[in-house]
Every structure is written in C-alpha cells, then in structure tokens.
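Trainee: I should like to work through some helices and their surroundings. May we begin with the structure itself?

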Amino acid sequence: MIVWTHRARKLSGRAVGRQAPLLPHEPIDDQHTFRACRPVSVAYELARCAVCGDANAREIASSDDVRAEVEGLWAFHSARLRPHTPPAQLMDRVAFSQHAPLRLVRCRECGLVYRNPVERATELAEAYTDSSPTTERMRALHETQRASYASQAARLAETFGRRGSGIEVGSYVGAFLAAAHERGWQFAGVDVNACANAFTRSLGFRVHDGTLESFDDERRVDVVAIWNCLDQLPDPVATLRAARDRLAPGGMIALRVPNGACYAALRPLLTTRAAPLARGWLAENNLLGFPYRFGFTPSSLGRVLARLGFRVERIVGDVLVPIGDEWTRRWARIEERVAKRVGLLVARAPLNDRIMAPWVEVYARL
Ligand SMILES: [Zn+2]
C-alpha cells in the first residue's frame, strides 16, 4: 500500500512549477487504483466569469465527469509507468497543486472555462506559500526548466523586437530568469513562495516575496511575463491590471496558459468512439481532469487584454514538453514523442481559438 501524502507541484506548460504542501490524502493502493485526491477541508464558493463578470454559463463537466476524467488520467499513466515507480514520481502526472475541480462551466459570453463552485482564495494561497522542497530538488527543477524556458526567452525577444528589462510573475526556482538572462534579458521575479525565492536569490536574481499587486517598486519594465501561472491565480484580471501598471510605454505582456477552448472541444469526445485519442491527447498535455482554476482561451484573453489597453500581437499554439522519463515504459516514451511531434503541427494551425492547441502563448503590447 502506497500512502500518498504529498500534493504535487503543478506541471506547467513547458516546465514544472511550484511545490504544494503536505496534505492528508486518501491512500492509493498498489494496483494503482485511484480512490480520491481531495483533502477534507476545502471550502467552496459560487463563481462568476472572471473575464466578463457574466453568470451565464453552461456546464461542460459535472462532478461525475470530472471524477471519471481523474480516474482516466490515473489509468492512462499507470499503464505507462514502470512497476514500482516511487510515489514522488507520480506527481506532475496525476496530481497537481490545484485539486481536481468539483465542476466546470464555460462562460456563454466570452468562452472562459472556470470552476463553479470554486475553492476559496485563502485555500489557494496556502497551497502555494507553505511548501519548501529541498535545495537539491529545487536545483534539479531549475536545470530541467531552464532548458525548456529557452523557447519562451527566444520567442519573447523575437516578438518584442529587442532585449530589455522584465518581471516574471511566478518565478518559482528562477528557471526562466536564468534562461532570459542567458539571452540578454534582465528579469526580476515575483513569487509567493519565500522558500523558492531564497533559492532563486542564491543564484543572483532579484525576487520579490509576494504578489505582483504587492510589489511596490516604482521602476517600469519592458515586459511582464506570466508563464503557466495566470490560470492558478485567485484574481487573474487584477494581476493583469497590475502588470499593465508596471509596464513602460510600448511594453509587452507575455502569457502562457492551458487552453480552455481545446479542453472544451475535446472533452465531449470522451464518451464517443474517439475517446482513446481524446483522452490520450488531454492526458499527455495535462488537461485531463483540468487541474487549473481557469481555462483561458485566446479570445477570452484577447478580450480582457483589450479592455486593459493591450493589442495582441502574436498567439502561439503549443504542446506540453514531453513528460516521459526514466520511470516511463519505453513504448510510452516513444508514443508520447511521436504524438507531440505530430500534435505540434496541429497545435500551430491558426484555427479559431486554437482549439487543437492544448497550450497557448499570447504576446500583447500596450
Ligand atoms: Zn465571460
């Protein structure tokens, strides 16, 4: 019997994110049967669309649907992992910083996918501020993530047109700060995780403990980047507004989010004959069970950015970096690489709301 007591850090779009605290979990038995993954003390409240404020939404996943997805996610990965894979290695595949949602809805007005009811913001803050992974663990994460963030640093320079200064919201172990520094950028970080921030400072970077809203530095920057983090914030629009207020004229905001439009398009297929394909695509890209607070879409993000005075310059559809590793069976690693190579071509297709792209990056200028 494996008793799984550690809630995972999120696995983000191109790189793993922050570490979550120890929480009382139901055990998972050695047949890898999923039982439950939700602490007993979570409090919920009713929500409205965070983008347009509208309460008019349709349900896209009931609590039974979500449970079935989480079980499907567990079955998907347990077929692909080697026997005796340590519980710590199950993180990022079947468990994330965010609990599975109780229920998911989609705003009829702007297309945002969100949880309703939603966990109270205080629960959320605790999930991100308390954790303290070991220094060795943070160093290993830093190295892995720095390599994958090279793409974002390069795309940012290409889109912005030059190098400059910036703030990264959710800088965690400083991987993007380092990748950007290597390419001539000067980024400072902002993160609520003081432990991760201490590690990042030890690498020579400037990091603020807290939120962007609480960062009282008067200096203006060229870019605010929010990679794989906006979807987990209690009030993403407030953070986008704070980002705008920190930008110099002509400044740019760079966002990477899980694509709610892709999830909403594919999840109805889970009850059809195309289910194995849809389940595989969602699972390999960490969308199955939707472990995020918000599923922004290119159009709902465009809407809120326009309201804040931004003009979207570039939208990039993307897939998650391969998550297979030494604990993954060989055939499954090959399967994932092939699927993502083909999938990337589909994800880049300029379809409406990039519905085939599980992850999207949006670059917008003030
Ligand atoms: Zn809306």
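Mentor: Helices here are DSSP runs of H or I with at least four residues, numbered from the N terminus. Please note that this is a predicted model.

Trainee: Which residue just after helix 5 takes a positive phi?

Mentor: Helix 5 covers residues 194-202. Just after helix 5, a phi of about 100 degrees is found, and the residue that takes this positive value is G204.

Trainee: Against which elements do the buried residues of helix 5 pack?

Mentor: The buried residues of helix 5 are C195, A196, N197, F199 and T200. They pack against two helices and two strands: helix 3 (135-160), helix 4 (175-182), strand 7 (186-191) and strand 8 (207-209).

Trainee: How far apart should the ends of helix 1 be?

Mentor: Helix 1 has 18 residues, 63-80, and the rise is 1.5 Å a residue. The end C-alpha atoms are 26 Å apart, which agrees with the expected span of 26 Å.

Trainee: Against which helices do the buried residues of helix 1 pack?

Mentor: The buried residues of helix 1 include V66, L73, W74 and F76. Their partners include strand 2 (57-61) and strand 3 (104-107), and the helices are helix 8 (275-284) and helix 10 (330-347).

Trainee: How are helix 8 and helix 10 oriented to each other?

Mentor: Their axes come within 11 Å and cross at roughly 90 degrees. Angles of 65 to 115 degrees count as roughly perpendicular. Helix 8 and helix 10 are therefore roughly perpendicular.

Trainee: Which residues make the contact between helix 8 and helix 10?

Mentor: By class, the contact has 2 nonpolar, 2 polar and 3 charged residues. Helix 8 supplies G280, W281 and E284, and helix 10 supplies E336, A339, K340 and G343.

Note on methods. Residues numbered from 1 in each chain as written. Predicted model: local features only at pLDDT ≥ 70, side-chain atom pairs only at ≥ 80, totals over all residues. Expected span 1.5 Å × (residues − 1). Buried ≥ 20, exposed ≤ 12 C-beta atoms within 10 Å, placed from the backbone. Contact = placed C-beta atoms within 7 Å. Axes fitted to C-alpha atoms, helices over the stretch in contact; angles between N-to-C directions. Parallel < 35°, antiparallel > 145°, perpendicular 65-115°, else oblique. Nonpolar A, V, L, I, M, F, W, Y, C, P; charged D, E, K, R; others polar.
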